[in-house]
Amino acid sequence: SSGINAEYGEHYFKQINLSKSMMIPEIQLGVNFIILNFLINKLPKQQVSIFARELTEALKLKFKGHWYPKTPDRGTAFRCLEIRESVFDPVMVRAARAAGVSLEDLRSQLPDSALIPLL
């Protein structure tokens with residue numbers, strides 16, 4: 001089934017402790033988009049939780065100094081995750097390695113090509 005298993009979804013959200021005070025909302029939305037559309041119910045729960053946490057932290061570090069709340073369009077190209085057939089954004093590689101997810105397993109669940117804006 002392509003639908004989200006409610007129990008599995010609850011586990012994911014509890015594991016990464018979603019809180020607006022902890023995360024920039026745009027990063028939260030981007031990570032949720034990737035997890036809910038491509039990884040949940042397809043990879044082991046623990047790996048998905050770790051991947052989500054690590055991706056969130058990697059994005060926070062990447063965007064530090066590149067976040068302009070008063071001019072939100074500034075830096076939007078930098079704040080995108082790029083997925084191409086043979087290339088992953090380095091933050092996704094870091095998160096996958098930390099979660100113990102092989103790049104082959106990650107690749108098999110993601111689209112061949114995508115640019116995911118985290119505006």
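Buried here means under 20% relative accessible area. By that cut-off, buried residues make up 39% of the 119 residues in the protein. Keep in mind as you click around that this is a predicted model.

**Stop 1: the whole chain**

Start with a cartoon view. You should find five helices and three strands, and reading along the sequence gives the pattern α-α-α-β-β-α-α-β. If you switch on a surface, its accessible area comes to about 6900 Å², with 54% of that belonging to carbon and sulfur atoms. For those who like contact maps: among contacts between residues at least 6 apart in sequence, 68% join residues at least 24 apart.

**Stop 2: the sheet**

Next, select the strands β1 (80–84) and β2 (87–88), then add β3, residues 114–117. Together the three strands form an open sheet in the order β2-β1-β3, with antiparallel pairing. β2 and β3 are the edge strands, each pairing on one side only.

Look at the β1 and β3 side of the sheet: four bridges join these two strands. To see one of them, select C80, whose bridge partner in β3 is P117.

Now move across to β2. Two bridges join β1 to β2, and a hairpin connects the two strands through two residues. Show R84 and you will see V87 of β2 standing opposite; show I83 and the residue opposite is F88, also in β2. Leave F88 displayed and add R107, which lies over the face of the F88 ring, at 4.6 Å from the ring centre.

**Stop 3: helix α4**

Select residues 90–99, which make up helix α4. Which residues of this helix are buried? They are V91, M92, V93, A95, A96 and A99. Expand the selection around them and you will reach their packing partners: α3 (45–63), β1, β2 and α5 (103–109).

V93 is a good residue to centre on. Its relative accessibility is 16%, so V93 counts as buried. Leaving aside neighbours within four places in sequence, V93 is in contact with F88 and L103. Try a distance label too: the C-alpha atoms of V93 and L106 are separated by 9.3 Å, although these residues are 13 apart along the chain.

Before you leave the helix, check the backbone just after α4, where G100 takes a positive phi of about 75°.

**Stop 4: the nonpolar core**

In soluble globular proteins, nonpolar side chains tend to be buried together. The largest nonpolar core here has 30 residues, and the members that touch the most others are L39, F51, L55, L59, M92 and L106. Show those six as spheres. Colouring by element helps at this point: α2 (25–39), α3, β1 and α4 each supply at least two residues of the core. Which helix gives the most? That is α3, with eight residues.

Then centre on L106 and list its contacts. Leaving aside neighbours within four places in sequence, L106 is in contact with L39, F51, F88, M92, A96 and V101.

**Stop 5: the aromatic pairs**

Finish with the rings. A pair of aromatic rings is described by the distance of the centres and the angle of the planes. The structure holds two such pairs.

For one of them, select F33 and F38: the ring centres are 5.8 Å apart and the planes meet at 80°, so the pair is edge-to-face. Is each ring buried or partly exposed? F33 counts as partly exposed, at 38% relative accessibility, whereas F38 is buried, with a relative accessible area of 17%.

For the other, select F63 and F78. These rings have their centres 6.4 Å apart and their planes at 65°, so this pair is edge-to-face as well. The pair links distant parts of the chain, 15 residues apart: F63 sits in helix α3, while F78 belongs to the loop between α3 and β1. F63 is buried, with a relative accessible area of 2%, and F78 counts as partly exposed at 35% relative accessibility.

One last click: add K62 to the view. K62 lies over the face of F78, at 5.2 Å from the ring centre.

Conventions. Residues are numbered from 1 along each chain as its sequence is written. This is a predicted model: local features need pLDDT of at least 70, side-chain atom pairs count only at pLDDT 80 or more; totals for chains, interfaces and linings use all residues. Side-chain values use heavy atoms; hydrogens and water are left out. Buried means under 20% relative accessible area, exposed over 50%, partly exposed in between (1.4 Å probe, protein chains only). Contact means heavy atoms within 4.5 Å. Two strands pair if DSSP finds at least two bridges between them. Rings of Phe, Tyr and Trp (its six-membered ring) pair if their centres lie within 6.5 Å; planes under 30 degrees apart count as stacked, over 60 as edge-to-face and the rest as tilted. A charge sits over a ring if NZ of Lys or CZ of Arg is within 6 Å of the ring centre and within 35 degrees of the ring normal. A nonpolar core is a set of buried Ala, Val, Leu, Ile, Met, Phe, Trp, Tyr and Cys residues joined through side-chain atoms within 4.5 Å. Accessible areas come from the Shrake-Rupley method with a 1.4 Å probe; for residues, only the protein chains shown count as cover.
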